[in-house]
Protein chains: 2
Amino acid sequence: MDSLTLPDDFSRFAGELAESFSFNRSVGQIYGLLFIHASPLSLDDISAMLKMSKGNASINLRTLESWGAIRSVSVSGSRRDHYEANQDVKGILVRRVREGLSRRLEMAETSLSKLSEHIDSRRADPAVLKRIKELKNLVQRSRRALNHLPKIAAFL
Amino acid sequence: MDSLTLPDDFSRFAGELAESFSFNRSVGQIYGLLFIHASPLSLDDISAMLKMSKGNASINLRTLESWGAIRSVSVSGSRRDHYEANQDVKGILVRRVREGLSRRLEMAETSLSKLSEHIDSRRADPAVLKRIKELKNLVQRSRRALNHLPKIAAFL
DNA sequence: TTATTCGTTTAGAACATTCTAAACGGAGAT
DNA sequence: ATCTCCGTTTAGAATGTTCTAAACGAATAA
């Protein structure tokens, strides 16, 4: 049993892709639907077209909005909020990767610093100490490299 | 109540980091323990030190081995398998990112191609058609860029 | 041979995530 | 005012993941 419409197929595709990247399926389906649809859609449209509850659609719309992946636009003659997709997929992804990584790397650096602080009081093996120092170094260099990510991505 | 030993603290750190990257905690804890420990450890050592079941340790050791993150080494005087960490964290991560992404991007490209094949029979809006074409393009460029990832990472 | 040691596999318990359906509250409309 | 429309929030159902404990089988020891 094939689905018949392009938005159906495309949002299915986007949902599966999102899942494989450990986002959730709904986020992918919604973004995919808005990405492929010619005109902005309301919450009820989305919920109906994707056969998902309004509640779920609502939550994931807000998530997508917080990522800058969609924006709400007003449609004349309707009281409903309507949404359209930001078509700059690359930009969205670069931003998310950068934010996600920098948050985690910061936390990692903090934890490693705390570890090294307490390390002397624990008569640690110098070789082990060196491993931690080098790891902290890698984290720092990665953090700095992250700031150049947009420049790197510009070549895509 | 603080934990007292460095391996304890370090494997806790690694476990949390792994979770935040949507691996599982055990994989992180095990790799962290082996990374920080001076000598190779057996399955029972790991299971005891991390207070996790042998079964769980076994499964996640095999996972780590398949990633090239650890290797088994023989220890004289013991019948048990012993494991030590590959200390090249950067290399491990680069390899995993590359493999993970290229697999997914390939699938995405395949799906998008199937979509475009069937698209004519569905009298699609030319603007929508262009969006799909550009997306397919982005995927292709990203796949090619992935091959250069090791070179890029070398600057870290 | 039987007994012991070791790693893997299994069933299902514990936990976490994602989703639905329904209740809710605010903002017009009547 | 009440009624309707709309989006959010909520409780908990459905699903998915990760872990434990115990059974198992292969290999060695006795």
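User: How many residues surround DNA strand D?
Analyst: First, a heads-up: this is a predicted model, where local features need pLDDT of at least 70, side-chain atom pairs count only at pLDDT 80 or more, and totals for chains, interfaces and linings use all residues. Residues are numbered from 1 along each chain as its sequence is written, while chains are lettered from A and ligands numbered from 1 in the order in which they are written. A residue is near a molecule or strand if its C-beta atom, placed from the backbone, lies within 6 Å of it. The closest to strand D are A:Gly55, A:Ser58, B:Met52, B:Gly55 and B:Asn56, and the residues surrounding it number 20.

User: Which helix gives the largest share of the surface near DNA strand D?
Analyst: Helices (H or I, at least four residues) and strands (E, at least two) are DSSP runs, numbered from the N terminus. Helix H3 (43-49) and H4 of chain A each supply at least two residues here, and so do H2 and H4 of chain B. The largest share is six residues, and it comes from H4(A).

User: And which element gives the most to the surface near DNA strand C?
Analyst: The closest residues to strand C are A:Ser26, A:Gly55, A:Asn56, B:Gly55 and B:Ser58, out of 20 that surround it. Two or more residues come from each of helix H2 (25-36) and helix H4 (54-66) of chain A, and from each of helix H3 (43-49) and helix H4 (54-66) of chain B. With six residues, the top contributor is H4(B).

User: How many charged residues does the surface near DNA strand C have?
Analyst: Ala, Val, Leu, Ile, Met, Phe, Trp, Tyr, Cys and Pro count as nonpolar, Asp, Glu, Lys and Arg as charged, and the others, Gly among them, as polar. Sorted that way, this surface has four nonpolar and eight polar residues, and its charged residues number eight.

User: Which helix supplies the largest share of the side of chain B that touches chain A?
Analyst: Two residues are in contact if their C-beta atoms, placed from the backbone, lie within 7 Å. By that test, 32 residues of chain B are in contact with 32 residues of chain A. Helix H1 (6-20), helix H2 (25-36), helix H5 (89-117) and helix H6 (126-146) of chain B each supply at least two residues of that side. The largest share, eight residues, comes from H6(B).

User: What relation do you get when chain B is laid on chain A?
Analyst: Copies are superposed by least squares on the C-alpha atoms of residues with pLDDT of at least 70 in both. A turn of 180 degrees and a shift of 0.0 Å along the axis lay chain B on chain A with an RMSD of 0.0 Å. So this is the relation of a two-fold axis.

User: Which residue of chain B comes closest to the rotation axis?
Analyst: The copies meet through the same surface, because 100% of the interface residues of chain B are also interface residues in chain A. Of the residues of chain B, the closest to the axis has its C-alpha at 3.7 Å, and that is B:Ser22.

User: Which are the edge strands of the chain A sheet?
Analyst: Two strands pair if DSSP finds at least two bridges between them. The sheet in chain A is open, with three strands in the order S1-S3-S2 and antiparallel pairing. Pairing on one side only marks the edge strands, which are S1 (41-42) and S2 (70-73) of chain A.

User: What angle does the direction of H2(A) make with that of S3(A)?
Analyst: Axes are lines fitted to C-alpha atoms, for helices over the stretch in contact, and angles run from 0 to 180 degrees between N-to-C directions. S3 (residues 82-85) pairs with S2(A) over four bridges in the antiparallel sense. H2(A) packs on the sheet, touching S1, S2 and S3 of chain A, and its direction makes an angle with that of S3(A) of about 85 degrees.

User: Is A:Leu50 buried or exposed?
Analyst: A residue is buried if 20 or more other C-beta atoms lie within 10 Å of its own, exposed if 12 or fewer, and partly exposed in between, with C-beta atoms placed from the backbone. A:Leu50 sits in the loop between H3 and H4 of chain A. Leaving aside neighbours within four places in sequence, A:Leu50 is in contact with A:Ser11, A:Gln29, A:Ile30 and A:Leu33. Because A:Leu50 has 23 other C-beta atoms within 10 Å, it is buried.

User: Is A:Lys51 buried or exposed?
Analyst: A:Lys51 is in the loop between H3 and H4 of chain A. It has a positive phi of about 55 degrees although it is not a glycine. Since A:Lys51 has 8 C-beta neighbours inside 10 Å, it counts as exposed.
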